[in-house]
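Dear colleague,

Please find below the structure that I am handing over to you. My notes on what was found in it follow, and I would be grateful if you read them with the structure open beside you.

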Amino acid sequence: MKKALLTLALTAMVFAASAQTNKWVAGGTGHWNHGEANTGDVVRGGGCNWRIEPFVGYQFTDRFRAGLTVGMIYQHETINGQDDTPQRTYRIGPYAHYDIIKRNRWILFAEAELIYGNSPNYPILYDQPGAAANYNVKSQYFNFTIKPGITYVLNDLINIDLNLNLLGFGYYNGKETRLDNNVESTGHGTELNLDLLESTPADWWNNMTIGITFKF
């Protein structure tokens, strides 16, 4: 009995020590945008898009954690008064997060994601007066990104995160398929994004996501 109690006590001590340095986290990031843009005779109006991506992760060290993110992107607009069928993109993939600099309640971090995205059905609309969708398509892609961000430590359990998508590195590999004839087109490429200083405040807003992280 004494050996069993001692074993249980030691196990509890090891678990408690581990829990102090390795914690689970959960939270999510989101973005919303609504606006109208005119380009010559083309009027894009009533457009809105939003995204929400919850995540879970494990804090391996004081600076490094990794986990899984899922989510959805919703896009909808009208072109010259013609209503566009909403496009929904479902996303899932692993992520890694590293805190580079910590100063009081502020943290500069870098985050890498490998995301699989799938859009099951959406129309192709042309930016021409009176043009209509000729066909619907579906698409899927893999997207790898590395981007910086800023965290504000609200307290020991809650962080507020701002992801700066106008900076960073990305790689894209995707496929689009017409639903009427199954013709496929593919695309891939890399991008080094350094447009933060040359972009407008509207661009900043359209390329930032705000998130919250809970530690437990």
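**Findings**

Q59 has a relative accessibility of 10% and therefore counts as buried. This residue belongs to strand 2, which covers residues 42-59. From C-alpha to C-alpha, Q59 is 7.1 Å from V25, although 34 residues separate the two in sequence.

Please keep in mind that the model is predicted. The mean pLDDT of the chain is 80, and 69% of the residues reach 70 or more. Confidence is highest in strand 5, with a mean of 95, and lowest in helix 1 (residues 2-21), with a mean of 46. Over residues 1-19 the pLDDT is below 50, and this stretch has 1 contact in the model beyond its near neighbours in sequence. Residues 38-43 also have a pLDDT under 50. For residues 38-43 the model shows 14 contacts beyond four places in sequence.

**The chain as a whole**

The chain has 216 residues, of which 31% are buried. Its secondary structure consists of 2 helices and 11 strands. Read from the N terminus, the order of the elements is α-β-β-β-β-β-β-β-β-β-β-α-β. If one takes the contacts between residues at least 6 apart in sequence, 60% of them join residues at least 24 apart. The chain exposes about 13,400 Å², and 62% of this area is supplied by carbon and sulfur atoms.

**How strands 7, 8 and 11 pair**

Strand 7 (residues 136-153) and strand 8 (residues 158-164) run antiparallel and are joined by 5 bridges. Together they form a hairpin, with 4 residues between the two strands. Within this pairing, V153 stands opposite N159 of strand 8.

Which way does strand 8 run relative to strand 11, parallel or antiparallel? The two run antiparallel, and 7 bridges join strand 8 to strand 11 (residues 208-215). Here L164 stands opposite M208, a residue of strand 11.

**Salt bridges**

Side chains of opposite charge can pair when their charged atoms come close. A search of the whole structure finds 6 salt bridges, and three of the pairs are described here.

Two of these pairs involve E53. The side chain of E53 meets that of R51 in a salt bridge, with an N to O distance of 3.3 Å. E53 also forms a salt bridge with R91, where the closest N and O atoms are 2.5 Å apart. The pair of R91 and E53 links distant parts of the chain, since R91 lies in strand 5 and E53 in strand 2, 38 residues apart.

Are the partners buried or exposed? E53 has a relative accessible area of 5%, so it is buried. R91 is likewise counted as buried, because its relative accessibility is 8%. R51, at 23% relative accessibility, counts as partly exposed. The salt bridges share partners and join R51, E53 and R91 into one network.

A further salt bridge is formed by the side chains of D62 and K102, at 2.9 Å from N to O. D62 sits in the loop between strand 2 and strand 3 (64-79), whereas K102 sits in strand 5, so this pair ties together parts that are 40 residues apart in sequence. D62 counts as exposed because its relative accessibility is 58%. K102, with 26%, counts as partly exposed.

**A nonpolar patch on the surface**

Which residues form the nonpolar patch on the surface? They are F60, F64, Y98, I100, I101, W106, L108 and I150, and together they have about 710 Å² of accessible area. Strand 5 (87-103) and strand 6 (106-123) each supply at least two residues of this patch. The largest share, 3 residues, comes from strand 5.

One member of the patch, I150, has its place in strand 7. I150 has a relative accessible area of 32%, so it is partly exposed.

**Where to look**

In the 3D view, you may wish to begin with the network of R51, E53 and R91. The hairpin of strand 7 and strand 8 could come next, followed by the nonpolar patch on the surface.

With kind regards

Key. Residues are numbered from 1 along each chain as its sequence is written. Side-chain values use heavy atoms; hydrogens and water are left out. Two strands pair if DSSP finds at least two bridges between them. Buried means under 20% relative accessible area, exposed over 50%, partly exposed in between (1.4 Å probe, protein chains only). Contact means heavy atoms within 4.5 Å. Accessible areas come from the Shrake-Rupley method with a 1.4 Å probe; for residues, only the protein chains shown count as cover. Patches are made of residues with over 30% relative accessible area and no salt bridge: like charges are joined within 9 Å, nonpolar side chains (Val, Leu, Ile, Met, Phe, Trp, Tyr) within 5 Å. A salt bridge is a side-chain nitrogen of Lys or Arg within 4 Å of a carboxyl oxygen of Asp or Glu. pLDDT is the predictor's confidence in each residue, from 0 to 100.
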